[in-house]
Amino acid sequence: MENNKSLINAINYRRSVRVYDSTKEIDTKIVKKCIQQATLAPTSSNMQLWEFHHITSQNIIDKIAVACLDQSSAKTAKQLVVIVVRKDLWKKRAKSNTEHLLNTFGDKPKSEYSSREKFALNYYKKLMPFVYIDFFGVFGYLKYGISWIIGLFKPSYRQLRNSDMRIVAHKSAGLAAQTFMLSMAAENYDTCPMEGTDTLRIKKILNLPLSSEINMVISCGIRKPEGVYGERFRIPFESIYKQW
Ligand SMILES: Cc1cc2nc3c(=O)[nH]c(=O)nc-3n(C[C@H](O)[C@H](O)[C@H](O)COP(=O)(O)O)c2cc1C
């Protein structure tokens, strides 16, 4: 690594910061680079059902801070990053993955595709539509019922209801959020993830469609010493670690 911290130092340095130093600026380009690094996080089926809204305008920061229930972490932030789940973009993302696969397979007739290549194409052309298509939650329950019956006889994928698919998308977004915060920590920049927010108001401020969901708002800046609330507290490791 160049000037930034090693991974373990970044993990130790990252704390949720509730008060940022108003006299210390952060570089928009570095925050943008950290967002780019966040997109390298893994996503379920590589569907990348996310968007990253990088808020640098003080006017919009002020509005979002109110929607963050006036939390000091948002009010004192120099910038904000809003991680948005876009489950509604599944068709577009499946198409992008299909196009990417076709590009990597090269110019050859379909009859020459290997079984692995055919499987990969079917994954995005058939399996993803099966998993993501829903109609007011009805198909989801139908698919869930089918998988439950199959599951009586053999291992079966069960996360097929609308609520399951939302969790699938939020899990991946959460991994991006942590990758972003660690990238920021490696740059000696501070963050705080926030879900104590009025997500509907934030969607309105950012002109987001109703079908989108706010995963997290992450405030960014440089910590004031008193902006870290006390020593880190974790449940004793042995009580949450189970080796089998
Ligand atoms: C999903 C999520 C939501 C959180 N929401 C808030 C929040 O709304 N406001 C806040 O001050 N901290 C929030 N936190 C930060 C936690 O309180 C914090 O991570 C925890 O106390 C551990 O402290 P540390 O991050 O400094 O290790 C959130 C953390 C996560 C992961």
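## A tour of the ligand site and an enclosed cavity

Begin by selecting the ligand together with Arg-18, where an N or O atom in the Arg-18 side chain sits 2.9 Å from an oxygen atom of the ligand. Keep in mind throughout that the model on your screen is a predicted one.

Next, add Arg-14 to the selection, and look for the polar side-chain atom of Arg-14 that lies 3.0 Å from a ligand oxygen atom. Then turn to Gly-196, which takes part through its backbone, with an N or O atom there placed 2.9 Å from an oxygen atom of the ligand. If you show surfaces at this stage, the ligand taken alone exposes 620 Å², and the protein buries 66% of that area.

Now widen the selection to the residues around the ligand, which include Arg-15, Ser-16 and Gln-71, the run from Cys-192 through Pro-193, Met-194 and Glu-195 to Gly-196, and also Arg-232 and Arg-234. Colouring this shell by class should give six charged residues, alongside three polar and three nonpolar ones.

Leave the ligand for the last stop, where the count comes to one cavity of 30 Å³ or more, and where the largest cavity has a volume of about 50 Å³. To find this largest cavity, select its lining, made up of Thr-43, Ser-44, Met-47, Gln-48, Leu-49, Tyr-132, Val-168, Ala-169 and Ser-172. Highlight helix 8, residues 162-186, as well, since this helix gives the most to that lining, with three residues. Coloured by class, the lining of the largest cavity shows five nonpolar and four polar residues, and no charged ones.

How values were computed
Residues numbered from 1 in each chain as written. Predicted model: local features only at pLDDT ≥ 70, side-chain atom pairs only at ≥ 80, totals over all residues. Heavy atoms only, no water. Near = heavy atom within 4 Å. Polar contact = N/O pair within 3.5 Å; in protein donor to acceptor, adjacent residues only side chain to side chain. Areas by Shrake-Rupley, 256 points an atom, 1.4 Å probe, with all protein chains shown as cover. Nonpolar A, V, L, I, M, F, W, Y, C, P; charged D, E, K, R; others polar. 1 Å grid on protein atoms, 1.4 Å probe; cavity = no way out; pocket = protein on both sides within 12 Å on 5 of 7 lines; lining within 4 Å. Points joined across faces, edges and corners; volume = space filled by probe spheres on them. Helix = DSSP H or I, 4+ residues; strand = E, 2+ residues; numbered from the N terminus.
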